[in-house]
Amino acid sequence: MNQNQDEDIRFFSERGFSQKIGFGKKPAVVVIDFNLAFTNPDLPLGAAVNSEIEATNRILNVSRDLNIPVFFTTVSYTEPNLEDAGIWRLKMKGLDTLRAGSPGIEIDPALNRQPNEAVIVKKYASAFFGTDLFSRLVSRQVDTLIITGITTSGCVRSTAVDAVQYGFRPIVVQEAVGDRAKSAHEQSLFDLNAKYADVIPVVTVLNYLHQLQVSQ
């Protein structure tokens, strides 16, 4: 941590930012865009996220044992010229790797997705925008969203911001989210923790899940 980061932390703390939202009683896990177009670093949208997937698997293993709802997201476009990506298609050529039916939209097998774990197909950054995720969470009386995935500065951030706006408690798992650029990742974690979510170490999240098991 450099001097500027120390000063930022002090400034935000003095202004009352970075308060804790805390965990609720009914969590769900949302795994953001760990599909092959994003987890293969050789592809235009990809990044090296092996450790982030490993941390996510630690959470998934416990969540499955406790029957906690798990949702995966992917991005998929069906229109020939990516018209269903709207204006966004003008920004990134890599969206071409997210065509429906292509390997890039498939969830990375390293996550071992189970048949009962839904895949939310989206067109844009947030897992809420244009999807039925909100109604799925409400129908299960979920109050806490444990968020992992990629990218911290993009789809993870957008999902966390929307989650708090919809009244959920966003928990961003520090070691289980990743980005293509370290600077974007670190700044996004700082900003999310300051204003929109709790950025929590994976060990703390696992302890919370184990406490739920004890209370059941």
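Contact means heavy atoms within 4.5 Å. The model is predicted: local features need pLDDT of at least 70, side-chain atom pairs count only at pLDDT 80 or more, and totals for chains, interfaces and linings use all residues. Residues are numbered from 1 along each chain as its sequence is written, and side-chain values use heavy atoms, leaving out hydrogens and water.

**Exercise 1.** Find what share of the contacts with a separation of 6 or more joins residues 24 or more positions apart.

*Solution.* Take the contacts in the protein with a separation of 6 or more. Residues 24 or more positions apart account for 77% of them.

**Exercise 2.** Test the radius of gyration against the globule rule.

*Solution.* The radius is taken over C-alpha atoms, and the rule is 2.2 Å times the number of residues to the power 0.38. For 216 residues, a compact globule would come near 17 Å; the protein has 17 Å, so the two agree. Next, the box: along the principal axes, the C-alpha atoms fill roughly 50 × 45 × 30 Å.

**Exercise 3.** Place threonine 74 in the fold, then decide whether threonine 74 is buried or exposed.

*Solution.* Helices (H or I, at least four residues) and strands (E, at least two) are DSSP runs, numbered from the N terminus. The protein has seven helices and six strands. Their order is α-β-α-α-β-β-α-β-α-β-α-β-α. Threonine 74 lies in strand 2, residues 70-75.

Now the cut-offs: buried is under 20% relative accessible area, exposed over 50%, partly exposed in between (1.4 Å probe, protein chains only). Threonine 74 has 3% relative accessibility, so it is buried. Beyond four places in sequence, its contacts include Asp33, Asn35, Ile105 and Val119.
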